[in-house]
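Q: I should like to learn how to read salt bridges, burial and strand pairing in a protein model. May we take them in turn, with the structure before us?

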Amino acid sequence: MLPGVIADDDTMINTANGMMQTTSSSNAQSPGLKTYFKTPEGKYKLHYEKTHPSGLLHFPNGKTVTQAILAQLKDKPAPSTPTAPSSSFSTGSGVRSAAARFLGGANGSRALSFVGGNGGSKSVSASSRVGSLVASSSNTSTSTSNFDGKGTYLIFNVGDAIFISDLNSQDKDPIKSIHFSNSNPVCHAFDQDAKDGHDLIIGLSSGDVYSVSLRQQLQDVGKKLVGAQHYNKDGSVSNSRCTSIAWVPGGDGAFVVAHADGNLYVYEKSKDGAGDSSFPIIKDPAQFSVSHARYNKSNPFARWHIGQGSVNSIAFSTDGAYLATVGRDGYLRVFDYSKEQLICGGKSYYGALLCCAWSMDGKYILTGGEDDLVQVWSMEDRKVVAWGEGHNSWVSGVAFDSYCSSPNSDGMGETVMYRFGSVGQDTQLLLWDLEMDEIVVPLRRCPPGGSPTYSAGSQSSHWDNALPVGTLQPAPSMRDVPKISPLVAHRVHTEPLSGVMFTQESVLTVCREGHIKVWVRPGVSETQSNNSAELSTSSKEKPLSFVKVGSSSYKQ
C-alpha cells in the first residue's frame with residue numbers, strides 16, 4: 001500500500017490530508033467493484049454506465065481499443081446550412097472550446113462538462129473537444145428532420161463501429177451507431193467551433209480518414225456515414241494504421257492524423273479529400289523532418305516524419321502553439337506547430353509512451369506508458385519534474401482536472417496546485433494532486449557541443465538555458481526525479497482501462513472493451529448532473545483558481 005493513498009478496501013488509511021475511511025460496497029453489474037470512492041473533498045458516486053448493445057459480437061482480432069470523447073452541439077444552425085461534402089462547407093474558427101482549453105488532450109481527446117438535456121429546450125453555450133461521431137437507427141426521435149441534436153454526446157468506438165450516447169440520459173445503450181465494412185475506427189476528434197461544415201474526423205485502422213457533420217449523422221436513420229469526405233482513400237498516401245487524430249486549434253479547419261509508421265499528415269477539410277499528394281522519400285528515418293506537397297490543392301498538404309516506430313498519441317496545447325507527441329520509441333516530443341520545429345522532449349524511464357495531455361495553462365504535459373509511471377514534464381524548465389508511482393501496469397490514459405480547486409487554508413495567497421487523473425491496464429483510476437512550488441529537481445543537461453537531437457546526459461542541479469533547441473533528453477535516473485503518490489487509487493472496471501475524462505460534474509472512466517462509467521462529483525446531485533448550468537465559452541469567463549490544498553481545506 002502506498003502512503004497517502006485512499007484505497008478501495010475496508011481499511012483506515014493515513015493520507016496526506018488526514019485519516020480517511022472507506023467502506024466496501026458492491027456493484028450489482030460488476031461484482032467486487034465498489035460504486036463509489038472517497039477523496040479528501042468527498043465521495044464520488046457511480047451515477048450510471050454507458051456501453052454498446054449487448055448483442056454486439058466482439059471484434060475478431062482484439063486489437064481495437066475503445067477511445068471515448070465528449071461532443072457538445074449548440075443550437076441548430078439556420079435552415080440554409082449545407083449538407084454536401086466538406087469541400088463545399090465554409091470552415092469554422094477552429095478555436096478549441098473552453099473545456100478543451102482547460103483540459104488539453106489525453107489519448108488525443110479531452111473532456112467537457114455536461115450541459116442541458118440532448119435535444120431539449122435548454123440553451124447550451126459551452127464548448128468542448130471530443131471524439132468521433134456516428135449515426136444509426138436505434139432512436140426514432142432522432143430520425144426526424146427537425147431534430148436539432150443540441151446537447152452533450154458521448155462518442156466511442158468498439159470493433160467495426162462508432163457509437164453515440166446521450167450523455168445526459170441514464171439509458172445504457174447508445175442512440176446511434178455507424179458501422180464500417182472493411183476497417184475499424186480507432187481514433188476520432190470533434191471541433192466544437194466548426195460553425196458550419198464537418199466537425200468530426202475519424203481515423204481507421206486501414207489508414208483511411210473521414211470527416212463528417214455530427215448533426216447530419218444524428219438526423220440520419222442509417223448505419224453508414226452520410227455526407228462524408230474521404231481522405232487517404234485506400235491508403236493512397238499512407239496505408240499505415242491511424243493512431244491518433246486532432247483538430248488544429250485556430251487552424252481554420254486543419255487537422256492532423258498520426259500513423260503507426262511514425263508519420264503525421266496535415267489536412268485541410270476545405271480541400272478535396274482526393275487531392276493529389278506525393279512526398280519525397282524519407283532520407284533518415286531516425287530524424288525529424290517535414291515535407292510539403294508540390295501542389296496547392298494537395299490534401300494532405302504536409303508530412304511530418306516524427307521518427308522510427310509508431311506515434312501513439314498527439315495533443316495540442318490549448319492555444320495551438322505547441323504539438324506534443326509520444327511514441328513507441330519512448331520519447332515525448334514537443335513541436336512549435338507554426339514553425340514546424342522540434343523544441344524539446346525526453347525519454348520515458350522504460351518502454352513506449354502511450355498517452356499524453358496538456359495542462360489547461362500549457363505549462364505542463366502528462367505522459368503515461370509501459371513503465372507504469374505518470375510523468376510530469378515542465379515546458380518552462382524543459383524537464384521531467386515529477387514521476388507518479390502507483391499503477392501496477394501500463395498507463396493508458398491521462399488528463400488534467402480543471403474543475404477541482406480548494407480554498408487556501410493559510411490565507412497567504414495562492415499556491416498553484418494541479419489535480420490530474422490516470423488510468424491503466426491494472427483497471428485502476430488514480431487521482432493526483434501536484435503542488436509545483438514543492439518540487440525541486442536536479443536535471444540532466446546537454447553539455448556544450450552536444451547533439452541537437454539527443455543529449456549526452458551529464459548531471460546538473462540547475463536548468464541550463466543554453467540547452468540547444470531540439471534536444472531530446474535521455475531517460476533520467478530514479479534519483480533525479482521526485483516521486484509522488486496518488487491521492488486516490490480505485491479499481492473502477494474489471495477490464496483494462498483506455499481513457500479518463502473530467503467534466504464539471506463528473507469523472508468518466510473508459511474500459512478498452514467499450515464500457516464507460518460516469519462518477520458524479522461530491523455535492524453534485526443527480527438532478528444537477530442531468531440538468532447542468534451553462535458553461536462559459538472562454539477561459540476569461542471562467543478563471544482558473546487552483547490553490548494550495550491543506551488538510552483543513554477538505555470537507556467530508
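Q: With which residue does Glu41 form a salt bridge, and how far apart are the closest N and O atoms?

A: Please keep in mind that this is a predicted model. To recognise a salt bridge, one looks for a side-chain nitrogen of Lys or Arg within 4 Å of a carboxyl oxygen of Asp or Glu. Here Glu41 meets Arg419 in such a contact, with the closest N and O atoms 2.9 Å apart. Glu41 lies in the loop between β3 (36-39) and β4 (42-50), whereas Arg419 belongs to strand β27 (residues 417-424), so this salt bridge ties together parts that are 378 residues apart in sequence.

Q: How many salt bridges does this rule give in the model?

A: The count comes to seven salt bridges. One of them joins Lys383 to Asp381, with 3.9 Å between the closest N and O atoms.

Q: Are Lys383 and Asp381 buried or exposed?

A: Here a cut-off is needed: a residue is buried when its relative accessible area is under 20%, and exposed when that area is over 50%. Lys383, with a relative accessible area of 9%, is buried. Asp381, at 23%, is partly exposed.

Q: What is the relative accessibility of Arg419?

A: Its value is 1%, so Arg419 counts as buried.

Q: With which other side chain does Arg419 meet in a salt bridge?

A: Arg419 also forms a salt bridge with Asp433, at 2.4 Å from N to O. This pair links distant parts of the chain, for Arg419 is in strand β27 and Asp433 in strand β28 (residues 428-435), 14 residues apart. Through shared partners, salt bridges join Glu41, Arg419 and Asp433 into one network.

Q: Let us turn to strands. How many residues of strand β36 are buried, and which way do they point?

A: In strand β36 (residues 516-520), five of the five residues are buried, and the strand is mostly covered. Ile516, Val518 and Val520 point one way from β36, while Lys517 and Trp519 point the other way; all are buried.

Q: Which strands pair with β36, and in what sense?

A: To read strand pairing, one follows the bridges from strand to strand. β4 pairs with β36 in the antiparallel sense over five bridges. Strand β35 (residues 506-511) also pairs with β36 in the antiparallel sense, over five bridges.

Q: What is the bridge partner in β36 of Leu46, and what is that of Val507?

A: For Leu46 the partner in β36 is Trp519. For Val507, too, the partner in β36 is Trp519.

Q: How many residues lie between β35 and β36 in their hairpin?

A: Four residues separate the two strands of this hairpin, and Gly514 in the turn has a positive phi of about 100°.

How values were computed. Residues numbered from 1 in each chain as written. Predicted model: local features only at pLDDT ≥ 70, side-chain atom pairs only at ≥ 80, totals over all residues. Heavy atoms only, no water. Buried < 20%, exposed > 50% of the residue type's maximum accessible area, 1.4 Å probe, protein only. Pairing = 2+ DSSP bridges.
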